[in-house]
Amino acid sequence: MTRRVCALPAAALLTAAAGCGLTSGSPMVDDVEPGSVGRGRPLEGAHLTVTSKEFTEQLILGAIMGIAFQAAGAEVVDRTGIQGSVGSREAVVKGEADAGYEYTGTAWITYQGNSRPIPDPREQWEAVRDADAKNGVVWLEPSALNNTYALAMNQANYEKYRTRTLSDVAALAKSDPGAVTLCVEGEFANRADGLPGMEKAYGMDLPAGNVTQMDTGIIYTQTAKGACTFGEVFTTDGRIKSMNLVVMEDDKKFFPNYNAAPTVNADTFEKWPAIADVLRPVTARLDNDVAQTLNAKVDVDGEDPHEVALDWMVREGFVKEK
């Protein structure tokens with residue numbers, strides 16, 4: 001899914017501090033020491049720049065990575081918050097940043113130019129990893145965090161219709177066509193890996209009048225109110241949990257996998273291979289439930305992304321505050 005792609009060229013993103021929203025690099029100064037990660041300080045002497053895109057989940061993931069590196073002994077520059085996918089990606093490719101969390105589906109479709117996603121998450125990651133080797137990007141082990149498309153409904157509609165999967169939604173659309181109304185983004189309504197493809201994969205034929213296009217934030221509130229039976233959501237969005245929405249299982253595995261995994265500049269990784277050991281347990285702990293909880297602390301409760309990341313790293317025992 002190509003969301004939040006900035007119009008500026010990638011090179012400009014890395015040098016401009018304004019216009020497209022690049023957060024200029026600054027030192028991370030968390031006063032942390034090893035917990036379960038970073039023991040022996042294997043990155044002592046390393047100077048590493050961490051990058052991310054600008055949306056909440058990426059800011060949190062970038063902070064998590066930087067905090068882990070600091071605990072392992074590295075000096076870290078924070079270059080998180082680059083607007084759009086291309087800028088943060090190019091930073092890692094060109095060595096202007098050393099590492100950042102990326103999504104397998106974004107790499108496979110947006111960066112590597114493929115049109116057909118691979119249904120199996122592991123095989124998708126392996127294909128991305130292998131294809132990116134020639135681009136000087138190393139993909140480390142992926143997380144279970146899968147930030148992909150889904151349909152969700154509020155509790156009242158769930159109690160009424162009891163749909164659990166997209167196949168159930170398709171069956172409901174046939175038995176009671178008026179029951180299936182959708183709130184979706186304009187992009188989702190027209191993408192091959194969005195609504196048209198989903199309808200084809202599940203044998204749905206929804207009347208145009210049953211589909212309302214709106215901005216992302218409004219979709220969540222309207223779905224929670226029941227103004228539409230189903231709303232298009234991203235599976236790790238914190239508002240799913242805060243609004244008590246029920247997510248439909250993509251039982252035919254139509255939507256691409258967008259599993260988050262660390263990506264590292266190949267030259268950096270050759271010099272500091274311990275990066276893999278430092279990040280492995282942290283990445284293994286990330287899943288959709290963790291992401292929803294952390295994202296909600298920022299998007300719903302108004303907390304700072306870096307503080308949310310630090311609190312989580314300490315609570316999980318990955319690092320200790322001095």
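# Close-up views of a predicted protein chain

Of the 322 residues in the protein chain, 55% count as buried. The model is predicted, and the legends below describe the whole chain and then selected places in it.

**Figure 1. The whole protein chain contains 15 helices and 13 strands.** The chain has a radius of gyration of 20 Å, close to the 20 Å given by the globule rule for 322 residues, so it is as compact as a globular protein of that length. The C-alpha trace spans about 65 × 40 × 35 Å along its principal axes. Among contacts with a separation of 6 or more, 79% are between residues 24 or more positions apart. The chain exposes about 13,300 Å², and carbon and sulfur atoms supply 49% of this area. The chain carries 30 positive and 45 negative charges, and the mean positions of the two groups are 3 Å apart.

**Figure 2. A salt bridge joins R89 and D132.** Side chains of opposite charge can pair when their charged atoms come close. Here the closest N and O atoms are 2.6 Å apart. The pair links distant parts of the chain, with R89 in helix α3 (residues 85-94) and D132 in helix α5 (residues 121-132), 43 residues apart. R89 has a relative accessibility of 9% and counts as buried, because the cut-off for buried is under 20%. D132 is also below that cut-off, at 0%, and counts as buried.

**Figure 3. R41 and E44 form a salt bridge.** The closest N and O atoms of this pair are 2.7 Å apart. R41 is partly exposed, with a relative accessible area of 30%. E44 is partly exposed as well, with a value of 47%. The pair belongs to a structure that holds 14 salt bridges.

**Figure 4. E187 and R191 meet through their side chains in a salt bridge.** The N to O distance is 2.8 Å. The partners fall into separate classes of accessibility: E187 is partly exposed at 34%, whereas R191 is buried at 14%.

**Figure 5. R122, E126 and E141 are linked in a network of salt bridges.** This view shows the three residues that the network links.

**Figure 6. F55 sits in the loop between β3 (47-53) and α2 (56-71).** F55 is buried, with a relative accessible area of 12%. The C-alpha atom of F55 is 8.0 Å from that of Q83. Along the chain, F55 and Q83 are 28 residues apart.

**Figure 7. R162 has a positive phi, near 55°.** Most residues other than glycine have a negative phi. R162 is not a glycine, yet its phi is positive. The residue lies in the loop between α6 (155-161) and α7 (166-175). At 41% relative accessibility, R162 counts as partly exposed.

**Figure 8. K253 also has a positive phi, of about 55°.** K253 is not a glycine either. Its place is in the loop between β11 (246-247) and β12 (260-265).

**Figure 9. G194 occupies the loop between α8 (186-190) and α9 (195-202).** G194 is buried, with a relative accessible area of 0%. Which residues are in contact with G194, leaving aside its neighbours within four places in sequence? They are F188, F254 and F255. S143 is 51 residues from G194 in sequence, and the two C-alpha atoms are 23 Å apart in space.

**Figure 10. A274 lies in the loop between α12 (266-271) and α13 (275-285).** Is A274 buried or exposed? A274 has a relative accessible area of 19%, so it is buried under the cut-off of 20%. Apart from neighbours within four places in sequence, A274 is in contact with P42 and L43. A274 and A208 are 66 residues apart in sequence, and their C-alpha atoms are 53 Å apart in space.

Key
Residues are numbered from 1 along each chain as its sequence is written. This is a predicted model: local features need pLDDT of at least 70, side-chain atom pairs count only at pLDDT 80 or more; totals for chains, interfaces and linings use all residues. Side-chain values use heavy atoms; hydrogens and water are left out. A salt bridge is a side-chain nitrogen of Lys or Arg within 4 Å of a carboxyl oxygen of Asp or Glu. Buried means under 20% relative accessible area, exposed over 50%, partly exposed in between (1.4 Å probe, protein chains only). Helices (H or I, at least four residues) and strands (E, at least two) are DSSP runs, numbered from the N terminus. The radius of gyration is taken over C-alpha atoms; the globule rule is 2.2 Å times the number of residues to the power 0.38. Contact means heavy atoms within 4.5 Å. Accessible areas come from the Shrake-Rupley method with a 1.4 Å probe; for residues, only the protein chains shown count as cover. Lys and Arg count as positive and Asp and Glu as negative; His and the chain ends are not counted. The place of a charge is taken as NZ of Lys, CZ of Arg, CG of Asp or CD of Glu.
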